[in-house]
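Hi everyone, thanks for making the time. I'd like to walk you through a structure that will be new to most of you, so please have a look at the screen.

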Amino acid sequence: MPFEEVKKIWMNGRMVDFADAKIHIFTHALHYGSGVFEGIRTYVTKTGPAVFRLDEHLRRMYDSCKIYRMDVPFTPAETKQACLEVVQANDFDDCYLRPLVYRGFHSLGVNPVNCPVDVMVAAWRWGKYLGAEALEQGVDVRVSSWNRMAPNTFPALAKATANYMNSILIRQEAGIDGYTEGIALDVNGYVSEGSGENIFLVRDDRILTPPLGASVLAGITRDTIVRLARDLGYEVVETLIPRELLYIADEVFFTGTAAEVTPVRSIDRIKVGAGRRGPITERIQKEYFAYIAGEVPDRYNWLTPVYAGRAARKPALVG
């Protein structure tokens, strides 16, 4: 889907027009992938647009910067305000937010120490990542021939731009072979995650998900689902998952800011459960979507109003 032009993008402390949001061709991040980012959603709620788990996303971004020795020239509070202002400047009620911290233009070479640390925040409309119908019907996936990074190579806990070259290989391979998505294993052969999603399995009413040591990103939606599932009374276990357990699971689903909660209906052409969204996945989906829509009390303070302190705007109709 072509990118839809937006009105404003926040760059290094000021709002600029879409056409003027430019960087130099010698920007370090362009050549070496020296950047970290977040994907955050703003949802329409009963009281107006709200950003979901903004503080947690920004904490992870600043943690990623710390791992890569990037001193961000703006405080988390300033970046948080920039996120809200970008949504306001573009008059969005429902959108995807992308804060990005990257090494800018100064010199080229593997050592980026002399390159400035630049910050950008953009927002745009983005529908259902794996397709609207996938939320009910599920998706067909394959186990990828590409593994996730080994420990002590790339830090999996950092949401770094360079890590997504691995994701591109996984996603492209899946698409070429006729699948919607791929599932990567870690270097020990255990289930890790999708190209841009964490993964959960259901077996005998227990919910299983790989631990952080399996080269998975510490997903914000992953954490959300763990909490919501436990609130619903389910047992959730972080454990190493052998590949073959994927084939005999009762249910499998992906989670992520973009994917939200998407069921998997087949893996390597083997039907998962009944070959459609399972009852536990459906129940968790409904709880998740009720929470982000503000239909249930915000008991964890996960929703940040875009227009806090002002009269609540009437939510726009989203088609």
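I'll talk about two helix crossings first, and then about the empty spaces. One thing before I start: what you see here is a predicted model.

Okay, helices. Two packed helices are described by the angle between their axes and the distance between the axes. So let's start with α2 and α3. Helix α3 covers residues 76–89, and α2 runs over 54–67. Their axes come within 10 Å, and the crossing angle is roughly 125°. That angle makes α2 oblique to α3. As for the hand, α2 passes α3 in a right-handed crossing. Who is touching whom? On the α2 side, we have L54, D55, L58, M61 and Y62. Across from them, α3 brings in P76, T79, K80, C83 and L84. Sort the residues of that contact by class and you get seven nonpolar, one polar and two charged.

Now for the other pair, α6 and α8. Helix α6 is residues 220–231, and helix α8 is residues 279–292. Here, too, the axes come within 10 Å, and they cross at roughly 110°. With that angle, α6 is roughly perpendicular to α8. The crossing of α6 and α8 is right-handed. From α6, the contact uses T221, T224, I225, L228 and A229, while α8 offers I284, E287, Y288 and Y291. By class, the contact of α6 with α8 has six nonpolar residues, two polar ones and one charged.

Right, on to the empty spaces. Rolling a probe the size of a water molecule over the atoms shows where empty space is left. How many cavities of 30 Å³ or more does the structure hold? The count is three. The largest cavity has about 50 Å³ of space. Keep T221 and Y288 in mind from the helix contact, since both turn up again in the lining of the largest cavity, along with I40, R41, Y43, F52, H57 and T257. Strand β4, residues 40–45, gives the largest share of that lining, with three residues. In terms of class, the lining of this cavity splits into four nonpolar, three polar and one charged.

And then there's the largest pocket, with about 930 Å³ of space. It is lined by 40 residues, and F37, K159, Y164, S195 and G196 are the closest to its centre. Which elements give two or more residues to the lining? Those are α2, β6, α5, β10, α6 and β14, so you'll recognise α2 and α6 from the crossings. The largest share, six residues, comes from α5. The pocket lining is made up of 16 nonpolar, 17 polar and seven charged residues.

That's my tour, so over to you for questions.

Methods
Residues are numbered from 1 along each chain as its sequence is written. This is a predicted model: local features need pLDDT of at least 70, side-chain atom pairs count only at pLDDT 80 or more; totals for chains, interfaces and linings use all residues. Side-chain values use heavy atoms; hydrogens and water are left out. Axes are lines fitted to C-alpha atoms, for helices over the stretch in contact, and angles run from 0 to 180 degrees between N-to-C directions. Helices (H or I, at least four residues) and strands (E, at least two) are DSSP runs, numbered from the N terminus. Angles under 35 degrees count as roughly parallel, over 145 as roughly antiparallel, 65 to 115 as roughly perpendicular and the rest as oblique. A crossing is left-handed if the near helix is turned anticlockwise from the far one by less than a right angle, and right-handed if clockwise. Contact means heavy atoms within 4.5 Å. Ala, Val, Leu, Ile, Met, Phe, Trp, Tyr, Cys and Pro count as nonpolar, Asp, Glu, Lys and Arg as charged, and the others, Gly among them, as polar. On a 1 Å grid over the protein atoms alone, a cavity is a set of points where a 1.4 Å probe fits but cannot get out, and a pocket is an open set with protein on both sides within 12 Å along at least five of seven lines; lining residues have an atom within 4 Å of a point. Grid points are joined across faces, edges and corners, and a volume is the space filled by probe spheres set on the points.
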